[in-house]
Amino acid sequence: MKPSGEDQAAPAAGPWEECFQAAVQLALRAGQIIRKALTEEKRVSTKTSAADLVTETDHLVEDLIISELRERFPSHRFIAEEAAASGAKCVLTHSPTWIIDPIDGTCNFVHSLNSE
């Protein structure tokens, strides 16, 4: 028999719940930035080839995500697409590591094509 009230208790959050909630909040904020930028003129450059595009918005969103996560989770590490393209080393350790692609589909973004 369960002690009274046990079946009414909220389930305990898993060890990654705070990370999940932070990711959702940041994705929503990043989405607002990207949605606004869809209607604006974009500064576009290339990385490894003419088809490998990067925009100011990619950098802005990546910087936002990393700075916010670093503040909340100082022991976590990051592997980010634009930083890696600029020469940052991708090192995996035993620390939690976030893999960040600020705009998945930059080519579509550049041409203001959204998937909705």
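The questions below concern a predicted model of one protein chain.

Q: How do you know that the span of helix 2 agrees with its number of residues?
A: Helix 2 covers residues 56-72, and its 17 residues, at 1.5 Å a residue, should span 24 Å. The C-alpha atoms at its ends are 24 Å apart, so the two values agree.

Q: Why are Thr57 and Leu69 of helix 2 called buried?
A: A residue is called buried because its relative accessible area is under 20%. Thr57 and Leu69 belong to this class, as do Asp58, Val61, Glu62, Leu64, Ile65 and Ile66 of helix 2. In the protein chain, buried residues make up 28% of the 116 residues.

Q: What covers the buried residues of helix 2?
A: The cover includes helix 1 (17-38), helix 3 (81-85) and helix 4 (106-110), together with strand 2 (53-55), strand 3 (77-80) and strand 4 (97-100).

Q: What makes up the lining of the second largest pocket, by class?
A: The lining has 11 nonpolar residues, 1 polar and 1 charged. Ala, Leu and Ile count as nonpolar. The pocket has a volume of about 190 Å³, and of its 13 lining residues the closest to the centre are Ala23, Leu26, Ala27, Ile65 and Ile100.

Q: Which elements give two or more residues to the lining of the second largest pocket?
A: They are helix 1, helix 2 and strand 4. Helix 1 gives the most, with 5 residues.

Q: In what order do the elements of the protein chain run from the N terminus?
A: The order is α-β-β-α-β-α-β-α, with 4 helices and 4 strands in the chain.

Key
Residues are numbered from 1 along each chain as its sequence is written. This is a predicted model: local features need pLDDT of at least 70, side-chain atom pairs count only at pLDDT 80 or more; totals for chains, interfaces and linings use all residues. Side-chain values use heavy atoms; hydrogens and water are left out. The expected span of a helix is 1.5 Å times one less than its number of residues. Buried means under 20% relative accessible area, exposed over 50%, partly exposed in between (1.4 Å probe, protein chains only). Contact means heavy atoms within 4.5 Å. On a 1 Å grid over the protein atoms alone, a cavity is a set of points where a 1.4 Å probe fits but cannot get out, and a pocket is an open set with protein on both sides within 12 Å along at least five of seven lines; lining residues have an atom within 4 Å of a point. Grid points are joined across faces, edges and corners, and a volume is the space filled by probe spheres set on the points.
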